[in-house]
Amino acid sequence: MRKRSEPHTFEQRLDEQKLRLEHELARLPAGELRDAVSVRIEQLHTAAEMYEFLMSRESPADTR
């Protein structure tokens, strides 16, 4: 079985998912599904910001 090429880091996975949803959003007409995809994009953005904040607070001693 062949492995799919996937992004390796958490940040890369978030970015890939966000890009995929942004492309989907561009093709959707106004309505509930478009709103749901828009909310999901915002959640991914928030997750990326939280991850960045947490990683910036990690000290070298914490990486044992």
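Does Tyr51 count as buried, partly exposed or exposed, and at what relative accessibility? In this predicted model, Tyr51 counts as partly exposed, with a relative accessibility of 24%. The category follows because partly exposed residues lie between the limits of 20% for buried and 50% for exposed.

The overall architecture is described before individual residues are considered. The secondary structure of the chain consists of two helices and zero strands. Helix 1 covers residues 10–27, and helix 2 covers residues 32–57. Of the 64 residues in the chain, 11% are buried. The chain exposes about 5900 Å² of surface, and 53% of this area is supplied by carbon and sulfur atoms.

In soluble globular proteins, nonpolar side chains tend to be buried together. In the present model, the largest nonpolar core contains seven residues, namely Leu14, Leu21, Leu25, Leu28, Val37, Ile41 and Leu44. Helix 1 and helix 2 each contribute at least two residues to this core. The surroundings of one core member, Leu44, were examined further. When residues up to four places away in sequence are not counted, Leu44 touches Leu14, Gln17, Lys18 and Leu21. Leu14 and Leu21 are themselves listed among the core residues.

Two further pairs relate residues of helix 1 to members of the core. Asp15 is located in helix 1 and is partly exposed, its relative accessible area being 45%. Between Asp15 and Ile41 the separation is 26 residues in sequence, while the C-alpha to C-alpha distance in space is 9.9 Å. Glu24 also has its place in helix 1. In sequence, Glu24 and Val37 are 13 residues apart, and their C-alpha atoms are 8.0 Å apart in space.

Aromatic rings were considered next. A pair of aromatic rings is described by the distance of the centres and the angle of the planes. A search of the whole structure yields one aromatic pair. This pair is formed by Phe10 and Tyr51, with 4.9 Å from centre to centre and 55 degrees between the planes, and it is tilted. The arrangement is classed as tilted because an angle of 55 degrees falls neither under 30 degrees, as for stacked rings, nor over 60 degrees, as for edge-to-face rings. The pair links distant parts of the chain, since Phe10 belongs to helix 1 and Tyr51 to helix 2, 41 residues apart. Like Tyr51, which has a relative accessibility of 24%, Phe10 is partly exposed, with a relative accessible area of 34%.

Charged side chains were also examined. Side chains of opposite charge can pair when their charged atoms come close. The structure holds one salt bridge. Glu24 forms a salt bridge with Arg20, and the closest N and O atoms are 3.5 Å apart. Both residues lie in helix 1, where they are separated by four residues, or about one turn of the helix. Glu24 is partly exposed at a relative accessible area of 22%, and Arg20 is partly exposed at 45%.

Nonpolar residues also occur on the surface. Phe53, Leu54 and Met55 form a nonpolar patch there, and together they have about 300 Å² of accessible area. Phe53 is found in helix 2 and is partly exposed, with a relative accessible area of 48%. Phe53 can therefore belong to a patch, for which a relative accessible area of over 30% is required.

Methods:
Residues numbered from 1 in each chain as written. Predicted model: local features only at pLDDT ≥ 70, side-chain atom pairs only at ≥ 80, totals over all residues. Heavy atoms only, no water. Patch = residues over 30% accessible without salt bridge, like charges linked within 9 Å, V, L, I, M, F, W, Y side chains within 5 Å. Areas by Shrake-Rupley, 256 points an atom, 1.4 Å probe, with all protein chains shown as cover. Salt bridge = Lys/Arg side-chain N within 4 Å of Asp/Glu carboxyl O. Buried < 20%, exposed > 50% of the residue type's maximum accessible area, 1.4 Å probe, protein only. Core = buried A, V, L, I, M, F, W, Y, C linked by side-chain atoms within 4.5 Å. Contact = heavy atoms within 4.5 Å. Phe/Tyr/Trp six-rings, centres within 6.5 Å; stacked < 30°, edge-to-face > 60°.
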